[in-house]
2 protein chains.
Amino acid sequence: MTDSTTSYPSPSGSPAGRSWWGWGAADKALSDAECAALGQLVPGAADTPLPVPDVSALTLPEVRVEPPSALAPLMSAAPADRAAHTYGKAYRDVIRALEGDLAAAPDQVARPLTEQHVVDVLDWAADAGVAVVPYGGGSSVVGGVEYRAGLHRGVVSLDLSGLDRVLEIDRASRAARIQAGVLGPDLEAQLRPHGLTLRHFPQSFEFSTLGGWLATRAGGHYATLRTHIDDLVESLRVVTPIGVNESWRLPGSGAGPSPDRLFLGSEGTLGVITEAWMRLQQRPRHKASATVLFDDVHAAMDAVRAITQSGHHPANCRLLDPGEAGLAGVARNGESVLVLGVESAHCAVDGRMTELLALARDHGGRPTRAEPGSNDSAADIWRSAFLRMPYLRDALARMSVVTETFETACTWDRAPELYEGVRGRLAEVVKEVTGTDGTINCRFTHVYPDGPAPYFTVIAPGRRGSEVAMWDEIKVATMEILHDHGATVTHHHAVGRDHRPGYDRQRPEPFAAALRAAKQALDPAGILNPGVLIDPAPVN
Amino acid sequence: MTDSTTSYPSPSGSPAGRSWWGWGAADKALSDAECAALGQLVPGAADTPLPVPDVSALTLPEVRVEPPSALAPLMSAAPADRAAHTYGKAYRDVIRALEGDLAAAPDQVARPLTEQHVVDVLDWAADAGVAVVPYGGGSSVVGGVEYRAGLHRGVVSLDLSGLDRVLEIDRASRAARIQAGVLGPDLEAQLRPHGLTLRHFPQSFEFSTLGGWLATRAGGHYATLRTHIDDLVESLRVVTPIGVNESWRLPGSGAGPSPDRLFLGSEGTLGVITEAWMRLQQRPRHKASATVLFDDVHAAMDAVRAITQSGHHPANCRLLDPGEAGLAGVARNGESVLVLGVESAHCAVDGRMTELLALARDHGGRPTRAEPGSNDSAADIWRSAFLRMPYLRDALARMSVVTETFETACTWDRAPELYEGVRGRLAEVVKEVTGTDGTINCRFTHVYPDGPAPYFTVIAPGRRGSEVAMWDEIKVATMEILHDHGATVTHHHAVGRDHRPGYDRQRPEPFAAALRAAKQALDPAGILNPGVLIDPAPVN
């Protein structure tokens with residue numbers, strides 16, 4: 001019942017055209033003039049954009065390790081490769097790249113083309129005391145791909161983009177065996193001829209990989225129910241330093257603690273995910289979306305709560321607070337905006353949308369356009385703004401504007417206080433750090449019967465040369481506030497190195513001991529992504 | 001937003017009236033005459049039932065350890081307590097109890113009334129080299145509560161039935177903080193005044209506890225979507241020998257590997273679950289059920305597959321094969337029977353049922369009664385037979401009939417071959433072992449978009465005195481067959497000690513190394529449920 005897919009076209013995993021310093025495609029970055037115009041919208045921003053340095057003119061640290069000859073064909077120490085693999089795409093990464101600071105550059109970039117190559121790189125690295133930082137699309141916004149431990153003889157960035165194929169499809173079970181290095185669009189292109197889709201669309205979709213999504217428990221398309229990639233996993237194949245870990249393809253099991261759940265979210269510290277059997281969807285044929293306005297943001301939250309507890313599982317249920325809705329251009333009079341979407345491959349969805357809108361109305365919502373089956377302009381405006389946001393963030397960075405996005409989740413009983421608490425306390429911190437009020441907006445990206453996942457955006461003018469220090473101060477305060485409200489340090493951006501202080505407080509200590517022990521068992525040389533989740537150990 | 005519930009009535013967690021040798025309530029066991037009548041339905045069964053020994057007349061092994069005086073009030077070495085805590089309720093447990101074999105009896109039964117008591121018992125046991133076997137309702141059918149390691153200075157059965165309260169309810173988030181030792185009916189009785197329900201109804205519901213469900217990843221009411229208790233967990237509180245592990249209440253998180261998922265399914269080897277915040281449901285107000293007949297079992301499977309992939313998530317979607325349907329009395333002409341149920345607390349479900357029935361008809365199904373909103377007789381007959389089954393199993397055991405139920409899951413591409421493979425190969429084994437054809441029936445208890453969870457029942461006459469040996473032979477063959485089909489050794493019965501051979505082959509070796517390391521970190525003295533999931537280590 002499975003189709004061999006050896007004849008699939010191999011899409012290019014090449015990062016040609018990718019920005020080495022900022023988000024995504026180099027040619028989508030805003031021009032100097034556009035940056036300056038954007039900066040004018042933020043009182044206190046710089047007058048001129050930080051220049052983008054010529055990468056070929058930058059000084060990189062000396063290369064400390066050379067691969068053995070058998071691995072040499074997979075490795076590159078070319079400055080452009082090393083520069084592009086130095087950082088992820090956090091605000092502080094972008095600023096440091098613009099400042100030409102590439103002190104953290106890896107010594108080598110390895111590009112395996114087979115799983116055996118991954119095994120070989122790990123074997124060599126363990127023997128040589130070289131750290132290995134798994135690298136998918138490099139879109140981490142939490143310091144997930146930047147080596148900082150200073151304990152190893154060298155650092156290899158393990159770029160998995162060469163493992164980019166859908167290898168097998170099981171139509172009966174609607175599942176596919178997929179290599180971990182495939183980027184979102186290439187993955188969907190390979191599934192499309194089969195009428196199937198993974199339907200996992202994080203904001204980073206174009207520039208992140210299946211393996212990255214799995215390693216970081218990414219949040220995707222669905223606002224309810226199957227919010228994280230975790231739920232779409234049937235089985236994993238992971239190269240660990242002590243051997244390949246392959247779980248069985250199972251729709252469900254109760255045989256001990258789930259092996260997959262240990263590797264999901266392990267962020268490259270326990271092994272390198274090379275393949276996964278993923279649960280797929282048929283492409284939706286029926287869709288309806290609608291926009292609902294609320295005068296009161298707390299009434300809007302109550303409506304969202306009622307919707308998540310109704311059992312309807314809308315695909316989209318995105319609540320924008322007044323600031324966020326204003327910024328996105330979908331409301332102009334201080335309303336909160338709820339964007340609802342339902343979809344199905346099998347049957348009409350109009351009835352479900354009608355019921356969702358009734359719940360919204362019960363809480364004072366005013367649907368702006370509720371014709372079932374129609375696309376909705378707010379959703380369209382939102383989607384295009386959503387994909388454009390990281391480029392705008394980079395443009396603001398060039399204008400020395402500090403921007404920070406952070407996402408969390410908490411139970412409903414705490415949600416109103418969290419919302420007000422962040423806007424209150426963080427505003428004070430922003431004032432203290434930047435001397436201005438700045439802007440703090442919020443949307444709910446995913447929602448659950450027992451609580452929402454709020455996503456906050458902070459924008460405030462920074463001082464040129466101090467952007468990273470200011471960002472760091474705001475980040476520390478953010479983690480403090482989330483902790484005080486019992487809200488997770490991250491709902492889907494992962495922990496990396498930047499979220500360690502918050503994560504360490506959130507993680508129960510016995511579990512931390514168990515995780516450290518598991519790490520020691522799987523990665524006895526301590527070479528895998530040192531410093532992420534677990535303190536790095538000195539090399540023997 | 002949370003209600004303090006200190007004024008709740010504390011329901012009795014007392015096992016008064018519980019059978020010491022067999023399933024459930026002593027007064028629901030079949031009489032000798034009923035056993036004999038039942039035996040006549042199985043050609044080759046014994047003529048007379050095995051007698052039930054007088055527990056007070058049985059010889060128990062000498063008590064090897066005494067608790068320190070501070071813990072003495074919590075402990076009992078009374079023969080009746082020790083006898084009742086010797087085994088779970090597997091077939092081989094029942095036979096051995098009927099044979100008066102209590103060699104595996106624990107030295108002490110501890111009944112903590114507070115979490116601190118649990119901490120104290122573990123502290124003492126770790127120092128004293130005494131094994132601790134966590135015990136909820138004692139309904140394990142996989143040797144989960146029977147000490148077999150022979151390595152410790154003594155054994156304590158840690159009976160958590162004294163921790164039986166709902167401590168707190170958060171209405172906004174529809175969640176409750178619940179002590180782990182509460183039995184199903186007592187839990188629901190405490191939630192009912194609040195209009196809420198956990199809605200987790202395993203077959204063992206009356207005689208199993210929340211903590212047992214969590215530790216074994218139990219399967220519950222819902223046939224689709226939220227099949228395992230795992231999905232209903234918001235956070236856990238677990239006493240480990242190195243400290244209390246408490247995860248945060250979060251509706252969702254991407255902060256590292258899930259701490260809860262390490263303890264879910266850990267079967268008492270990593271810690272003792274004392275409390276959990278559980279996600280609740282409102283009680284359903286709208287229900288519809290229907291029964292569909294199929295002439296061809298494979299067409300019925302195709303219908304179920306279409307239903308699980310439709311996105312409708314029926315609460316019930318139970319497929320009985322012809323043998324199972326005949327035994328349950330819901331079909332008499334060799335048909336397969338699909339019992340469908342949909343429910344909602346919020347809105348009418350008739351439309352969903354209509355669509356499910358249309359999918360069933362597409363695959364040759366004939367609804368026998370499809371009026372939306374009606375209860376359905378097949379469902380009623382089934383439910384009452386379902387709860388009665390373990391008592392019938394015990395009656396058959398007394399007639400020296402070998403019965404074995406095993407449950408599994410596999411992807412749809414393998415399901416037809418698994419079904420035929422079990423019925424073919426296992427029938428041969430049954431013939432070899434018992435000299436008769438026996439009966440092998442199957443139902444699907446839970447189903448997923450990527451595969452079903454088939455549950456098989458084997459019934460064949462055994463030889464008096466050899467029942468356990470025969471059962472063991474069948475069990476070994478069963479695990480072999482499941483392995484060869486890539487089907488899990490257990491979907492929701494857990495691993496315990498009886499499933500270790502199948503589990504060890506299914507579990508990826510690197511994960512096994514990680515789990516052993518985690519166990520060593522959390523339980524350095526190796527006292528917790530030795531032999532379950534992980535080989536027991538010699539005591540220092």
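Q: By a turn of how many degrees can chain A be laid on chain B?
A: This is a predicted model in which local features need pLDDT of at least 70 and side-chain atom pairs count only at pLDDT 80 or more, while totals for chains, interfaces and linings use all residues. Residues are numbered from 1 along each chain as its sequence is written, and chains are lettered from A and ligands numbered from 1 in the order in which they are written. With the copies superposed by least squares on the C-alpha atoms of residues with pLDDT of at least 70 in both, chain A falls on chain B with an RMSD of 0.0 Å and a shift of 0.0 Å along the axis, after a turn of 180 degrees.

Q: As by what axis are the two copies related?
A: The superposition of chain A on chain B takes a turn of 180 degrees and a shift of 0.0 Å along the axis. The two copies are thus related as by a two-fold rotation axis.

Q: Which element gives the most residues to the side of chain A that touches chain B?
A: Two residues are in contact if their C-beta atoms, placed from the backbone, lie within 7 Å, and 81 residues of chain A are in contact with 81 residues of chain B. Helices (DSSP runs of H or I, at least four residues) and strands (runs of E, at least two) are numbered from the N terminus, and the elements that give two or more residues to this side of chain A include β9, β18, β19, α14 and α15 of chain A. With 11 residues, the one that gives the most is α15(A).

Q: Why can it be said that the copies meet through the same surface, and what percentage of the interface residues of chain A supports this?
A: On the side of chain A that touches chain B there are 34 nonpolar, 34 polar and 13 charged residues, where Ala, Val, Leu, Ile, Met, Phe, Trp, Tyr, Cys and Pro count as nonpolar, Asp, Glu, Lys and Arg as charged, and the others, Gly among them, as polar. The copies meet through the same surface because the share of interface residues of chain A that are also interface residues in chain B is 100%.

Q: Which strands of chain B stand at the edges of the open sheet?
A: Two strands pair if DSSP finds at least two bridges between them, and 4 strands of chain B form an open sheet in the order β2-β3-β5-β4, with mixed pairing. Two of them have a single partner strand each, so one side of each is left without a neighbour in the sheet; these are β2 (75–76) and β4 (130–135) of chain B.

Q: Which residue of β5(B) does B:Y135 stand opposite?
A: Strands β4(B) and β5(B), the latter spanning residues 154–159, run parallel and are joined by 6 bridges. Within this pairing B:V130 stands opposite B:G154, and the residue opposite B:Y135 is B:D159.

Q: How many of the residues of β4(B) are buried?
A: A residue is buried if 20 or more other C-beta atoms, placed from the backbone, lie within 10 Å of its own, exposed if 12 or fewer, and partly exposed in between. One face of β4(B) carries B:V130, B:V132 and B:P134 and the other B:A131, B:V133 and B:Y135, and both faces are covered. The strand is largely enclosed by the rest of the structure, because the number of its residues that are buried is 6 of the 6.

Q: At about what angle to β4(B) does helix α4 of chain B run?
A: Axes are lines fitted to C-alpha atoms, for helices over the stretch in contact, and angles run from 0 to 180 degrees between N-to-C directions. Helix α4 (residues 115–128) lies across β3 (108–110), β4 and β5 of chain B, and its angle to β4(B) is about 145 degrees.

Q: In which strand is B:V447 found?
A: B:V447 counts as buried because it has 29 C-beta neighbours inside 10 Å. Leaving aside neighbours within four places in sequence, its contacts include B:A223, B:V304 and B:C317. The strand that holds B:V447 covers residues 439–448 of chain B and is β18.

Q: What is the phi of A:A494, a residue that is not a glycine?
A: Most residues other than glycine have a negative phi. A:A494 lies in the loop between α13 (467–484) and α14 of chain A, and it counts as buried, with 28 C-beta neighbours inside 10 Å. Its phi is positive, at about 80 degrees.
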